[in-house]
Amino acid sequence: MGDVAKRKPKTPPKQHDPTPEERDERVTIEGIDAEEALKRLLEFIDRELSESEHDSVEQHLRICRNCCSRMEFESRLKDRLSALSSDDVPPTTRDRVRELIKRF
Ligand SMILES: [Zn+2]
């Protein structure tokens, strides 16, 4: 008889404590972090990324204002560069500009 009284009710599931799976899901939705996105920004603009990489950068830009405005800036800069007659701009110059953008 005492057994019944001793029985504990099932521990209620904690509501505000995400399981590792839930955390992973959130990371997947976000895809990549800002650092990763910035690293790939130039390749993204040049469309040099693989399809899945391109997608994850694009997804990040959608949720991250910071990277998004930076992407617009770099994309405009690139437009300016290509507006210069590309025949007149030696590849070395373009590489140097790219380096400058990276450091900015
Ligand atoms: Zn970002």
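Here is a guided walk through this predicted model, from its overall layout to its core and a few individual residues.

Two conventions come first. Numbering runs from 1 along each chain in the order in which its sequence is written. Because the model is predicted, local features need a pLDDT of at least 70 and side-chain atom pairs count only at pLDDT 80 or more, while totals for chains, interfaces and linings use all residues.

Let us begin with the layout. The chain has six helices and zero strands, giving the pattern α-α-α-α-α-α along the sequence. Helices (H or I, at least four residues) and strands (E, at least two) are DSSP runs, numbered from the N terminus. Of the 104 residues of the chain, 10% count as buried. Here a residue is buried if 20 or more other C-beta atoms lie within 10 Å of its own, exposed if 12 or fewer, and partly exposed in between, with C-beta atoms placed from the backbone. Contacts, meaning pairs of residues whose C-beta atoms, placed from the backbone, lie within 7 Å, often span a good stretch of sequence: among those between residues at least 6 apart, 64% join residues at least 24 apart.

How far can you trust what you see? The predictor's confidence in each residue is its pLDDT, from 0 to 100. Its mean for the chain is 78, and 64% of the residues reach 70 or more. Confidence is highest in H4, at 93, and lowest in helix H2 (residues 20-30), at a mean of 48. Over residues 24-29 pLDDT stays under 50, and the model has zero contacts beyond four places in sequence for them. Where pLDDT is low, the predicted coordinates should not be read in detail.

Now turn to the largest nonpolar core, which is made up of eight residues: Ala37, Leu38, Leu41, Phe44, Val57, Leu61, Cys67 and Met71. Such a core is a set of buried Ala, Val, Leu, Ile, Met, Phe, Trp, Tyr and Cys residues joined through C-beta atoms within 7 Å. Helix H3 (34-46), helix H4 (51-63) and helix H5 (65-83) are the elements that give two or more residues to this core. H3 provides the largest share, four residues.

Follow H3 along its length. This helix has 13 residues and reaches 18 Å from its first C-alpha to its last, close to the 18 Å expected at 1.5 Å a residue, where the expected span is 1.5 Å times one less than the number of residues. H3 also has a kink of about 50°, centred on arginine 40; the bend at a residue is the angle between axes fitted to the seven residues ending there and the seven starting there. Ala37, Leu38, Leu41 and Phe44 are buried in H3, and the buried residues of this helix pack against H4 and H5.

Beyond H3 you meet arginine 47, in the loop between H3 and H4. Its phi is near 60°, a positive value in a residue other than glycine. Most residues other than glycine have a negative phi. Arginine 47 counts as exposed because it has 7 C-beta neighbours inside 10 Å.

H4 comes next, with 13 residues and a reach of 19 Å between its first and last C-alpha, close to the 18 Å expected at 1.5 Å a residue. Which of its residues are buried? They are Ser56, Val57, His60 and Leu61. Seen down the axis of H4, these buried residues fall within an arc of 140°, so they line one face of the helix; the arc is that of the directions from the helix axis to the C-beta atoms. An α-helix has 3.6 residues a turn, so residues three or four places apart point the same way. On the other side of H4, Glu51, Ser52, Asp55, Arg62 and Ile63 are exposed. Leucine 61 is in contact with Ala37, Cys67, Cys68 and Met71, leaving aside neighbours within four places in sequence.

Finally, look at two residues of helix H5. Cysteine 67 lies in this helix and counts as buried because it has 22 C-beta neighbours inside 10 Å. Apart from residues up to four places away in sequence, cysteine 67 touches Ala34, Ala37, Leu38, His60 and Leu61. Leucine 81 is also in H5, but counts as partly exposed, with 15 C-beta neighbours inside 10 Å. Leucine 81 touches Arg94 and Val97, not counting residues up to four places away in sequence.
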